[in-house]
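Biologist: I would like a close look at one part of this model, the place where the two chains meet. Please take me through it in one connected account.

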Amino acid sequence: MAADQDTVETVAALAGEKYAHGFVTDIEQEFSERGLNTDVIRFISAKKDEPQWLLDWRLAAYERWLALDEPDWARVHYPKIDYQDLYYYAAPKQKDGPQSLDDVDPELLATYAKLGIPLKEQAFLAGVQGSPRYAVDAVFDSVSVVTTFKAELAKAGVIFCPLSEAVRDYPELVRQYLGSVVPVSDNYFACLNSAVFSEGSFVYVPPGVRCPMELSTYFRINALNTGQFERTLIIADKGSYVSYLEGCTAPMRDENQLHAAVVELVALDDAEIKYSTVQNWYPGDAEGKGGIYNFVTKRADCRGVRSKVSWTQVETGSAITWKYPSCILRGEGSSGEFYSIAITNGRQQADTGTKMIHLGANTRSRIIAKGISAGHSSSTYRGLVSVHPKATGARNFTQCDSLLIGKTCAAHTVPYVEARNAHAQLEHEATTTRLSEEQLFYVMSRGLSQEEAVQLLVNGFVREVLQELPMEFAVEAQKLVAVSLEGSVG
Amino acid sequence: MTGLRDALLSRDETRLPGRRDEDWRWTDLRGTLRPLPAVSDAVQPLAAFDEPEGVQVRRFAAPVTAGTFDASLSVAAGETLWLLDRVDAGAGAYARDLALDITLGEGATLHRLVLAADSADAVSVTRAMVSLAPGATFHQTVLATGGKRQRIETAVAHPGAGARARLDGAYLLADGRHSDQTTILDHQGPGGTSEQLIRGVAADQARGVFQGRITVAVGADGTDARLKHNALLLSDRAEIDAKPELEIYADDVACAHGNTVGTLDAEVLFYAMSRGIPEVEARLMLVEAFVGEIVERIGPAPLQDAARAFVADQLEALRR
């Protein structure tokens, strides 16, 4: 029965508008003045009641940003962004922070209900006994709306809250780790983020604690001409474990919107962080009008011995994606993993991949990247594996496969390998193919339509990555893959 | 793309390509020529060399200070040519920019062996622009021993249409030498095949670089392009940098690249030593076998012999 329901929903999604999250919430919002200057930064900082050190930090970042040039090495093309034409802060109007869900604007609640994000503390599969639970931090433009399950997490000692709250309640932790993985002037977009970041999640898992539930943040861009600059900081102390999920959507608009986030992960001795992303920002229409510019810096620092970080991403949205979740493998025996599916259709452009920096001995990394291009889109895998002189016994395995659907799309693979240790072993494989006529014919001869056949084969192509996602998200991601490729054949 | 030549001729050091240029990130010529040497036609004397029979030999003498050289060659439709390009070493610090044009007519076949030797202090760039007509076959093997900075670049304009290209190469580097093999294989029309196998060994503080870009243009369907680079690091102070790239704009293609970096297999080494072979010899044997595969792929016997002799000389350098 469940399968039938599933099919009905998929078909309904396919029949209707392709991008199901494209609605706008009509809500009274408060903005900073348009453009970027030190006053705007002071305004954001004041809105968040920030201490002086953080304001100074932001202002210093702004100073550095002015001296930087926008990078142009990625294989993406877009008109120059006018940074003075954006709003850097937008928030739903509210007198005081909501004490409970009852205080939250019903318009907002309706928005999240429509997006299928549980803001009530409920099991993910409502009504199913023993199904896993998710704590959610919902971010709407520049502010966090609500964070669920906080009390239960606190019992385990886990801190999960909006970053602005963490700055207030745990200033020492924030000060110690903020910017320690992605330095302020790491790159143009990270630097911009450091100056104007508005919201994001903060997670701290104390030593020896296995986080009792999945944590997730849901990012929603709503306001017009607004950039979203969230900043996420996750610290897994010695011997701890946490799994974190991130989802993103935005309304359909004809203008491009900027999303420049920074994510920093710190894993101490024997700690493990699993970070999964289902990115479904509005990709723009078939002619390439509108859509999100997704310029994100994500980096994990495996500081401790035997620490482990695993990145899993399903990238189906955004007009332009520029994103390289990376691992610095510093601790002896630490390991990094990167599993990625990047799907581009229409006029989308994606330049994404990872960096695995092997600094410590016996560090291991594994990269599985699957790119699918359709329509007039272009998808690039760009990755670096670097083995430093002290990384004796380091191992890397990389596999990147690209699938092309149609005559007008493009797929590129640009792996960089730098080896400086004679006791390291690095392997890289890449292939580019198209959907095989024979496989399509076979599947269609079994009674599937062409569209269904393509979906089936594509799902087979990306299976290795989907398997890495938590179960409920794998189901969602699978549907997303189907919807993203709708209309790409025939 | 003509950074070294531009810098030498304009006497403008800032035109030298450096690590900030994407295509030169691991072959930084900045600061290697200070001051820029004067360009002249004066060349160093050629060393004795037994020219193999049945092969057209071109020798490129090293300049005394700095030199830019051009040469072109074409193989007429239906003809077959065996070609040996010997880039001679010379002594001391010199700068050389060598630009070669090669054209293959319809159905023509060219077997080209490049023996690139340079002095330890040389800054040397060799660029070959190869253009293939339909049905042409181009087989190339580049053997390089490095310099202060050595780059051997081959760009192939591939029309598809049954033409075939094979770009093989090997680098054997010791001391502080650097060598860069860069290939650009541009599949412009439907029905082309290409294949590349590059093997490299870096000992001491040497640095081996391989960059291979395969592009498949819109409409170049049915292209089959494969590339493989395998490298061995023989020392913790040596470095291997590699970037195999695929840039694909057609959907009906089969393209693949593979890249591995590792070291000699400890078990095999142990086995050889347990049979009474000293470690140095055992290592050389394994390196010889590793690079030997490249030599064995060379079709014409005289070219294969010349390649084998060149490799044998270089293995001696690794022994020290």
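**Where chain B meets chain A**

Modeller: In this predicted model, strand 23 of chain A (residues 410-419) and strand 14 of chain B run antiparallel and are joined by 6 bridges. One place to find this pairing is Glu418(A), which stands opposite Asp241(B) in strand 14 of chain B.

The contact as a whole draws on 33 residues from chain A and 34 residues from chain B. The area buried between chain B and chain A comes to about 2,700 Å², and carbon and sulfur atoms give 46% of that area. As background to that value, the size of an interface is often given as the accessible area lost when the parts come together.

Turning to the charged and polar pairs, the count between chain B and chain A is 7 salt bridges. Among them is the one in which the side chains of Lys407(A) and Asp251(B) meet, at 2.8 Å from N to O. For polar contacts, the rule finds 19 residue pairs across the interface of chain B and chain A, with both residues at pLDDT 80 or more.

On the chain B side, strand 14 (239-248) and strand 15 (254-262) each supply at least two residues of the side that touches chain A. Strand 14 of chain B, the strand already met in the pairing with strand 23 of chain A, gives the largest share of that side, namely 10 residues. Sorted by class, the side of chain B that touches chain A has 16 nonpolar, 11 charged and 7 polar residues.

For the pairing of strands inside one chain, strand 13 of chain A (residues 291-302) can be set beside this picture. Strand 13 of chain A is mostly covered, with 12 of its 12 residues buried. Strand 10 of chain A (residues 256-259) runs parallel to strand 13 of chain A and is joined to it by 4 bridges, with Gln257(A) standing opposite Ile292(A). Strand 11 of chain A (residues 262-267) is likewise parallel to strand 13 of chain A, with 6 bridges between them, and here Val266(A) has Asp301(A) as its bridge partner.

Strand 13 of chain A is also joined by 4 bridges to strand 15 of chain A (residues 320-323), again in parallel, where Asn294(A) is partnered by Thr321(A). A further 4 bridges join strand 13 of chain A to strand 16 of chain A (residues 326-329), and these two strands run parallel, with Cys302(A) paired to Leu329(A).

Terms used:
Residues numbered from 1 in each chain as written. Chains lettered and ligands numbered in written order. Predicted model: local features only at pLDDT ≥ 70, side-chain atom pairs only at ≥ 80, totals over all residues. Heavy atoms only, no water. Contact = heavy atoms within 4.5 Å. Buried area = accessible area lost by both parts, 1.4 Å probe. Salt bridge = Lys/Arg side-chain N within 4 Å of Asp/Glu carboxyl O. Polar contact = N/O pair within 3.5 Å; in protein donor to acceptor, adjacent residues only side chain to side chain. Nonpolar A, V, L, I, M, F, W, Y, C, P; charged D, E, K, R; others polar. Pairing = 2+ DSSP bridges. Buried < 20%, exposed > 50% of the residue type's maximum accessible area, 1.4 Å probe, protein only.
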